[in-house]
Amino acid sequence: MAELTVIKSPWFDDFPALNTQVYEKRLRYLDTAATAQTPNAVIDRMTRFYQNDYASVHRGIHYLSAKATEDMEHVRTQVSDFLGAEASRNIMFTKGTTEAINLVANSYLRPLLSPGDEIIVTEMEHHSNLVPWQLLSEFCGATIKVWQLNKNNELDLNDIKDLISRRTRLISVTHLSNVLGTLNSIKEIVSYAHKRNIPVLVDGAQAVMHQKVNVADLGCDFYVFSAHKLYGPTGTGILYAKSRHLERMVPWEGGGAMIDQVTLPMGTSYGQAPWRFEAGTPNIAGILGLGAAIEYIESAGLDKIAAYENQMMEYLVESLSQVNGIEIYGNDDNRIGVVAFNMKGHHSFDVGVFLDRYGIAIRTGHHCAMPLIKKLGQSSVCRASIGMYTQSSDIDALVQGLNRINQLLR
Ligand code: PLP
């Protein structure tokens, strides 16, 4: 297949940055898992806001402020529909996945935690889904328990059985690994946890762009993601929380827009959810950009995108496996969007720097997942990741670059 195939993305021309020249070479962007490139639809929406409609939300009575408020709240409804949430009030705007997890740690879990309580995280988490729980545990005297990967570097439900106890207060797990591309069986995990009354947070940062997500179907208690991995802008993210948790969550950050009445010296009362969790002026342009990104991928069709990306992943893995000395991590039968690898005799940083000179952008290092990299027995790995715009020529360029490394750097 590798030598026969020419696969062109029907959406490539929607992404202007992909025509950029890097060191006089055409950019080959294989770093979508870090951040996805932005389509014209999103850029135009944000530009239109700054050029024509710019105003702050919530506090103004004038035309533009009312319009900005209405447009922003419309995005909340869009996100709610996109995720299959109960209602738009279950959707909170944040700065990103990281802030959304910190919000759950502080608004939901902190008031419930007593010394000796336990939080379960997995060995394949991004640091964003580890450090907030560590900080909280330090503060509250709670314990972190680690759901380790099996010999195939996957989560086995049998292994969580010994970890769960009557002190378990939350399981926090990624939907899709940002290093291995492994898709976790969230429905099974949630069902198992709920039988024991344990809520589950799902880190959807890598999953939302590759497949249709429905929180009602998954059954999870919290779902978080970042707009910039969904072809939207940076600085905007989402927390979905189930209604029964929303009622119990306490405000974390204080400031404008989250209050009902402010009195001195004490006695301030707070507004309703979701606004009580959104102190300060939000990233209005970013939120509108997220709305445009959702509209864009929905009109392209998530099923079509997923089918196209599956074909591209197959081509990527097959092409990479033909390179001498390559070691690919993860499971060939369960890998979406990203592939991690190393080349025998070459440090991943050398590989990344060499490829960069040919315009090929991959990522190298620990990928903010140090425990997982350690589990793989490595200190650093290369990662190529794809999106709806990746074409077979990008992968051919990568493979050519890797072959050149084998020839030139002995
Ligand atoms: N979780 C996963 C799985 C990720 O891949 C990332 C980013 O790479 C994050 C969390 C953090 O996302 P952000 O930096 O947008 O908050």
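This passage describes the domains of a predicted model and the surroundings of its ligand.

The protein chain is assigned two stretches of structure, domain 1 and domain 2. Domain 1 is made of two segments, 12–30 and 301–405. Domain 2 covers 42–299. The segments of domain 1 thus lie on either side of domain 2 in the numbering. The C-alpha centres of domain 1 and domain 2 are 28 Å apart. The two domains touch: 34 residues of domain 1 and 30 residues of domain 2 take part in the contact.

The ligand occupies the largest pocket. Its shell consists of 13 residues. Thr98, Asp203, Gln206, Ser226 and Lys229 are the closest of these. Each of these five carries a number that falls within the 42–299 range of domain 2. Polar residues account for 10 members of the shell. A further 2 are charged, and 1 is nonpolar.

Oxygen atoms of the ligand pair with polar atoms of the protein at several points. At Thr98, a polar side-chain atom lies 2.6 Å from a ligand oxygen. The neighbouring entry in the numbering, Thr97, contributes through its backbone: a polar atom there is 3.4 Å from an oxygen atom of the ligand. His126 contributes through its side chain, where an N or O atom is 3.4 Å from a ligand oxygen. Taken alone, the ligand exposes 390 Å², and the protein buries 84% of that area.

Key. Residues are numbered from 1 along each chain as its sequence is written. This is a predicted model: local features need pLDDT of at least 70, side-chain atom pairs count only at pLDDT 80 or more; totals for chains, interfaces and linings use all residues. Side-chain values use heavy atoms; hydrogens and water are left out. A residue is near a molecule or strand if one of its heavy atoms lies within 4 Å of it. A polar contact is a pair of N or O atoms within 3.5 Å; within protein, one must be able to donate a hydrogen and the other to accept it, and residues adjacent in sequence count only if both atoms are side-chain atoms. Accessible areas come from the Shrake-Rupley method with a 1.4 Å probe; for residues, only the protein chains shown count as cover. On a 1 Å grid over the protein atoms alone, a cavity is a set of points where a 1.4 Å probe fits but cannot get out, and a pocket is an open set with protein on both sides within 12 Å along at least five of seven lines; lining residues have an atom within 4 Å of a point. A molecule sits in a cavity or pocket if more than half of its atoms lie within 2 Å of its grid points. Ala, Val, Leu, Ile, Met, Phe, Trp, Tyr, Cys and Pro count as nonpolar, Asp, Glu, Lys and Arg as charged, and the others, Gly among them, as polar. Domain bounds come from an automatic or database domain assignment. Contact means heavy atoms within 4.5 Å.
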